[in-house]
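Reader: I have a chain with a ligand on my screen. Please walk me through it.

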Amino acid sequence: MKLYEKAPAKINLMLDVLHKRPDGYHEVEMIMTMVDLADRLTITELSGNTITISSQAGYIPLDDKNLAYQAANKIKERYGIRQGVHIHIDKQIPVAAGLAGGSSDAAAALRGLNRLWKLDIPHADMMELGASIGSDVPFCITGGTALATGRGELLTPLPSPPDCWVILAKPPINVSTAGVYGRLRADQIKQHPSAAAMQKAIEQQSFEAICSELGNVLEDVTLSHYPEVQQLKQTMQQLGADGVLMSGSGPTVFGLVSKESKVARIYNGLRGFCHEVYAVRMLT
Ligand code: ATP
């Protein structure tokens, strides 16, 4: 038996850090949504009891460090499954980019294995399994658009933002999420974006308000270490994107664009400057 699962990338329309918690995690407020740039997982049953991972991308771990491996391992342990599985990851989402590619692969593996082994896992248990793999995994399980609080695992679903183009550009550097949070001084953040204002903009379906409420407190940390990310933001703004923000801990910068007629110019302008550029739709 073989099945497929799509693992879309996420972007943060806003990301705020409230404080560092005694357990070491940061208390966050984020509004996240999915874009139509996705990895594709092919999940195949194996006759033995092992988990194997393959990918055409040479630069992701294929052992127990792979988040899809961890997802399969957790499901097998929790539900006492003595059946092996092979997961092939057709990697399309840039890695260590702030797009939650690994978390989305883990979420897709959980969804796919739940189907493959007909486990009917209750939603709350899926979310708990996801959170034990990573803070962004619960959101990647549900998808859509959501306000994420706690360390990112507590979700309140929101309506989809109005349909638009999303142009993603990743400069040729890999940024460690843990490194960025490690350098962040939560008590010294100068300007906090507003989750309430972004939520209202989405509820009102106002593309203009969404663009003006974009904000990410991790930008200051990443931009001060990587001037090329700052330059990329400016270039995207100059090329005419309606709203521009770094996603997650970076280094990917995304631009929201309402008019299709602008997309080719922005895409081509960025390609002269950055190798990895994608023009996709928001997944509404
Ligand atoms: P986030 O936005 O959640 O911080 P990210 O987009 O910055 O995620 P990922 O692409 O998820 O980062 O990769 C982060 C690290 O996780 C990489 O260094 C990679 O080695 C490891 N990793 C483990 N499993 C995967 C996977 N399935 N796909 C990509 N990276 C993976």
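**Domains and ligand**

Author: This is a predicted model. In it, 25 residues of domain 1 are in contact with 35 residues of domain 2.

Reader: Which element gives the most to the side of domain 1 that touches domain 2?

Author: Three elements give two or more residues to that side of domain 1: strand 2 (26-46), strand 5 (145-149) and strand 1 (2-20). With nine residues, the top contributor is strand 1.

Reader: How many residues on that side of domain 1 are nonpolar?

Author: The side of domain 1 that touches domain 2 has four charged residues and five polar ones. The nonpolar residues there number 16.

Reader: Why does the ligand lie between the domains?

Author: The chain is assigned domain 1 (2-158) and domain 2 (165-281). Their C-alpha centres lie 23 Å apart. The ligand lies between them because its shell takes residues from both domain 1 and domain 2.

Reader: Which helix gives the largest share of the shell around the ligand?

Author: There are 21 residues around the ligand; Ala-100, Gly-101, Gly-102, Asp-105 and Thr-177 come nearest. Helix 1 (67-79) and helix 2 (101-116) each give two or more residues to the shell. The largest share is four residues, and it comes from helix 2.

Reader: How many residues of that ligand shell are charged?

Author: The shell around the ligand holds 10 nonpolar residues and eight polar ones. Its charged residues number three.

Reader: What feature does UniProt place at residues 66-144?

Author: The span is 58% helix and 9% strand, and its end C-alpha atoms lie 24 Å apart. An unreviewed UniProt entry gives these residues as "domain: GHMP kinase N-terminal".

Methods:
Residues numbered from 1 in each chain as written. Predicted model: local features only at pLDDT ≥ 70, side-chain atom pairs only at ≥ 80, totals over all residues. UniProt positions renumbered as here; feature names shortened; annotations may be inferred. Near = placed C-beta within 6 Å. Nonpolar A, V, L, I, M, F, W, Y, C, P; charged D, E, K, R; others polar. Domains from an automatic or database assignment. Contact = placed C-beta atoms within 7 Å.
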